[in-house]
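The following exercises concern one protein chain and the ligands modelled with it. Each task is followed by a solution worked in steps.

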Amino acid sequence: MLRATVRNRIEYCILIVVIREVEWLFSQEHLPQPSWHGIPRKNIDWYPVIEPELCIGCGICVLGCGRQVFKFDYENNVPIVADALNCLVGCTTCENTCPQHAISFPPMSYLHKIIKKRGVIQHSRTELMSNMQKYTGKKQLKT
Ligand code: SF4
Ligand code: SF4
């Protein structure tokens, strides 16, 4: 009787451990968080902001973004910035192609400050040197 109770308790504990492991596996906590040259992406305020009064709902921004940052609200005929942190840091394609000038970004000086002050240059150089196989090319020198 006592042996059966102990065994039940052990089985119960194992079950709890297994459940916690499965929960952890399905959570995102253990996955590497996206970063930009070593800086956590969530710490960089780079994403499009749409001025609704100017937008005519043409969808150029939605279709033109290669990173699926936008969704489209078909009921209200407006784009939505649905995945802001997927926006490529430094890209302004949607701003440049919006016929209404309805999209804006922070000034480039914001990024340049980050590049200079947060070790981006050194990080980039280190990454470049450790990926020679991937990036090696040869400039054709004129004779
Ligand atoms: S491109 Fe400009 S006008 Fe067209 S849907 Fe996007 S924000 Fe609106
Ligand atoms: S800036 Fe580039 S990556 Fe970012 S939302 Fe616009 S088109 Fe997409």
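**Exercise 1.** Determine whether Ile103 is buried or exposed, and describe its surroundings.

*Solution.* Step 1: the model is a predicted one, and in it Ile103 belongs to strand E6, residues 103-104.
Step 2: a residue counts as buried if 20 or more other C-beta atoms lie within 10 Å of its own. Ile103 has 23 other C-beta atoms within 10 Å and is therefore buried.
Step 3: setting aside residues up to four places away in sequence, Ile103 touches Pro48, Ile50, Cys61, Cys94, Glu95 and Cys98.
Step 4: one of these partners, Cys61, is 42 residues from Ile103 in sequence, while their C-alpha atoms are 8.9 Å apart.

**Exercise 2.** State which residues make up the largest nonpolar core, and examine the contacts of its member Val69.

*Solution.* Step 1: the core has 9 residues, namely Cys61, Cys65, Val69, Phe70, Cys87, Cys94, Cys98, Ala102 and Ile103.
Step 2: beyond four places in sequence, Val69 touches Pro48, Val81, Ala82, Asp83, Ala84, Asn86 and Cys87.
Step 3: a general tendency may be recalled here: nonpolar side chains in soluble globular proteins tend to be buried together.
Step 4: for the chain as a whole, 8% of the 143 residues count as buried.

**Exercise 3.** Characterise the shells around ligand 1 and ligand 2.

*Solution.* Step 1: ligand 1 is surrounded by 14 residues, the closest being Cys55, Cys58, Ile60, Cys61 and Cys98.
Step 2: by class, the shell of ligand 1 contains 11 nonpolar residues, 3 polar ones and no charged ones.
Step 3: around ligand 2 stand Pro48, Gly64, Cys65, Arg67, Val69, Cys87, Leu88, Cys91, Thr92, Thr93 and Cys94.
Step 4: the shell of ligand 2 comprises 7 nonpolar, 3 polar and 1 charged.

**Exercise 4.** Describe how strands E4 and E5 are arranged, and what joins them.

*Solution.* Step 1: E4 (residues 70-73) pairs with E5 (residues 78-81) in the antiparallel sense, over 4 bridges.
Step 2: the register follows from opposed residues: Phe72 faces Pro79 in E5, and Asp73 faces Val78 in E5.
Step 3: the two strands form a hairpin with 4 residues between them.
Step 4: Asn77 lies in the loop between E4 and E5. Its phi is positive, near 60°, although Asn77 is a residue other than glycine.
Step 5: Asn77 has 12 other C-beta atoms within 10 Å, so it is exposed.

**Exercise 5.** Where does Gln68 lie, and what is its phi?

*Solution.* Step 1: Gln68 is located in the loop between helix H2 (60-64) and E4.
Step 2: its phi is positive, about 50°, although Gln68 is not a glycine.
Step 3: with 10 other C-beta atoms within 10 Å, Gln68 is exposed.

**Exercise 6.** Is Ile44, a loop residue, buried or exposed?

*Solution.* Step 1: Ile44 is found between strand E2 (39-40) and strand E3 (49-50), in the loop.
Step 2: Ile44 has 20 C-beta neighbours inside 10 Å and therefore counts as buried.
Step 3: leaving aside neighbours within four places in sequence, Ile44 is in contact with Trp36, Ile39, Val89 and Ile114.
Step 4: Tyr110 is 66 residues from Ile44 along the chain, and their C-alpha atoms are separated by 9.6 Å.

**Exercise 7.** Place these details within the chain, and assess how well helix H4 is covered.

*Solution.* Step 1: the chain holds 6 helices and 6 strands. From the N terminus on, the elements run α-β-β-β-α-β-β-α-β-α-α-α.
Step 2: of the contacts in the chain with a separation of 6 or more, 54% join residues 24 or more positions apart.
Step 3: helix H4 covers residues 108-117, and the count of buried residues among its 10 residues is 0, so H4 is hardly covered.
Step 4: after H4 comes Gly119, which has a positive phi near 70°.

Key:
Residues are numbered from 1 along each chain as its sequence is written. Chains are lettered from A and ligands numbered from 1 in the order in which they are written. This is a predicted model: local features need pLDDT of at least 70, side-chain atom pairs count only at pLDDT 80 or more; totals for chains, interfaces and linings use all residues. A residue is near a molecule or strand if its C-beta atom, placed from the backbone, lies within 6 Å of it. Ala, Val, Leu, Ile, Met, Phe, Trp, Tyr, Cys and Pro count as nonpolar, Asp, Glu, Lys and Arg as charged, and the others, Gly among them, as polar. Two strands pair if DSSP finds at least two bridges between them. A nonpolar core is a set of buried Ala, Val, Leu, Ile, Met, Phe, Trp, Tyr and Cys residues joined through C-beta atoms within 7 Å. Two residues are in contact if their C-beta atoms, placed from the backbone, lie within 7 Å.
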